[in-house]
Amino acid sequence: MNNTVKPKKLKTDTKFEIIRFAAAIGISISLAFIIILFVSDDPMLAIQKLFLGPIESTRRFGNVIELAIPLTFAGLAISVMFKANQFNMGAEGAFFIGAVMAAIVAIKIPLPPFIHPIFAILLAGLMGGIVCAIPAVLKVKWGASELVSSLMLNYVFFNLGIYIINNKLRDVNAGAMASVEFEPSAMLTKLVPKTRIHMGIFIVIVTAIIVYLFLNRTKRGYDLRMTGYNMNFAKYSGIKTTAVILYSQFIGGFIAGIGGATEMLGMYSRFKWQALPGYGFDGIIVAILAKNNPVLVPVAAFFLAYLRIGADRMGSATDLTYEMVSIIQGVIIMLIAAQSFLAKYKQRMVVKEAKIDE
Amino acid sequence: MTLGVAKMATIEENLMSTYLDGNEFKKGIFLNMKKINEWAKDKVSEFIVKTDSEKAMVKMLSGGNIQKVVVAREFSNNPKFIVADQPTRGIDIGAAKFIHKKLIELRDKGSAVLLVSADLTEVMDLSDSLMVMYGGEIVAYFEDASQVDEMQLGRYMLGIERQTPEEIGRCVYE
């Protein structure tokens, strides 16, 4: 029996994933081209703005990075929760509550610089974790669907946050509904001149590395992944799946909470959100694009941010609207999420390889 | 497939699932990936799992090889007691022979093996002692499996004959 160990199958898989990803993006971008050609009066300008707009200037590219930071946080949060096969949508609420928590700490609790943002971010993470753990508790205790309860709870926490901001922290002198200004000691330092890129970029990179190590190099991370793959198998192997569900959702919420706080302290000087920012839901897109792989999440987030900023540019410079990008996004996600897209091609690839082996 | 393996996980991950509670494969708070990998490679070759790599997904394997992965995990643990319920059903002869060999090895190492099977030849080839069940009850016990033939077994299996409670009671050891 031929039993030599060759890492060939793995390579084929990776190669296929790359081809599939490229094909999905290629198809959706060509679709975008076609639609732009039909709709726009000046299609060349629109296309140029869409794809090159984000690299027109440092400021624009800065915008991409600024947007990629919260998207990465949300993507990581969702990845951890989805890895455990829990469709928890609470990241949106956790993100919002994290931002509110950071605002409270930044306004009400005076602390020395450096310690101030760290304390705010950790407290925000804790609150976010609790937000996402509630649907998990409801699920393991009473079997309530985490999808439904987390979606509902998002609005509960949104309104709770809005209540706190508008009634306890509101700046009556500000023109719009907004909180009083944060203490300067709480804000994250800006890094690059002419952009708003802030310290959060380091926090997000460290978080991504920690999530990767946690999932792939620790016992608890292993338990989490096995529970996600096959819960009965995990249970049989002696993994405490109830605990896994609880801590996976808490960790996901924790990351979302950190994300909310980082966004708030890095990008704003007062709390201004009067609607859910939508990062939690964007996180789902990012997680799907990255296939729940924490290493790919920042890449996917960057890609999505690039597309968004490009659309923004296209929207303001031409007669085309921002909605265009939603169409492109939809097509890409559909093609990537579809399990059997190009499956025939993969089959042929594997067969060819097997023939070479013989 | 529902309890034994996680299809989407790699062979290595399926092999290690019951081995992580102790500190054998840990390095501080992390798992010792190198050691796990070496161990998994060992198991893959010891149990002749036919695959390109121990990092391949279990769903890429044939039924017999998936069974071998499960067997590799369960038999490598120095188990005190193994319940092998239809261990060779639906797999090829080579793999079945191999699992038989491993069961005998386990016996020799001092594990108690309870083999449950609908395959009479398997039962008679492997077992030291035999018990026959009929209608949900144990109806016969043979201390030495080599003294029995299929005809005799058949009569008990069909419920035509039945041993006395004393005869059956011999299967209880203190």
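In this predicted model, the two chains meet at an interface in which 26 residues of chain B are in contact with 20 residues of chain A. On the side of chain B that touches chain A, the elements giving two or more residues are strand S2 (30-31) and helix H2 (33-46) of chain B, and of these H2(B) gives the most, with three residues. Sorted by the character of their side chains, the residues on this side of chain B divide into 13 nonpolar, six polar and seven charged.

Before going further into the structure, it helps to ask how far the model can be trusted. For the model as a whole, the scores are ipTM 0.81 and pTM 0.84. Chain A averages a pLDDT of 86, with 94% of its residues scoring at least 70, while chain B has a mean pLDDT of 84, with 98% of its residues reaching 70 or more. Within chain B, the confidence is lowest in helix H7 (residues 165-169), where the mean is 79, and highest in strand S4 of chain B, where it is 90. A stretch of chain A calls for caution, since pLDDT stays under 50 over residues 1-8 of chain A, and the model has 13 contacts beyond four places in sequence for these residues. Where pLDDT is low, the predicted coordinates should not be read in detail.

Turning now to chain B by itself, the reader will find seven helices and six strands, which follow one another from the N terminus in the order α-β-β-α-α-β-α-β-α-β-β-α-α. The C-alpha atoms of chain B fill a box of roughly 60 × 35 × 25 Å, taken along the principal axes. The domain assignment of this chain gives domain 1 (1-61) and domain 2 (128-174), and the centres of these two domains of chain B, taken over C-alpha atoms, are separated by 40 Å. Of the 174 residues of chain B, 28% count as buried. Among the contacts in chain B between residues at least 6 apart in sequence, 58% join residues at least 24 apart.

Which elements of chain B make a right-handed β-α-β unit? They are strand S3, helix H4 (residues 93-108) and strand S4 of chain B. The two strands, S3 (residues 81-85) and S4 (residues 112-116) of chain B, pair in the parallel sense over five bridges. The pairing can be followed residue by residue: B:Phe81 stands opposite B:Ala112 in S4(B), and B:Ile82 stands opposite B:Val113 in S4(B).

The helix of this unit offers a residue worth following in more detail, for B:Leu103 is found in helix H4 of chain B. Is B:Leu103 buried or exposed? A residue counts as buried if 20 or more other C-beta atoms lie within 10 Å of its own, and B:Leu103 is therefore buried, because it has 22 C-beta neighbours inside 10 Å. Leaving aside its neighbours within four places in sequence, B:Leu103 is in contact with B:Ala84, B:Val113, B:Leu115 and B:Leu126. One of these partners, B:Val113, is the residue in S4(B) that stands opposite B:Ile82. By way of contrast, B:Leu103 and B:Gly22 are 81 residues apart in sequence and lie 25 Å apart in space, C-alpha to C-alpha.

Technical notes
Residues numbered from 1 in each chain as written. Chains lettered and ligands numbered in written order. Predicted model: local features only at pLDDT ≥ 70, side-chain atom pairs only at ≥ 80, totals over all residues. Pairing = 2+ DSSP bridges. Helix = DSSP H or I, 4+ residues; strand = E, 2+ residues; numbered from the N terminus. Right-handed = clockwise from strand over helix to strand, strands pointing away. pLDDT = per-residue confidence, 0-100. Contact = placed C-beta atoms within 7 Å. Nonpolar A, V, L, I, M, F, W, Y, C, P; charged D, E, K, R; others polar. Domains from an automatic or database assignment. Buried ≥ 20, exposed ≤ 12 C-beta atoms within 10 Å, placed from the backbone.
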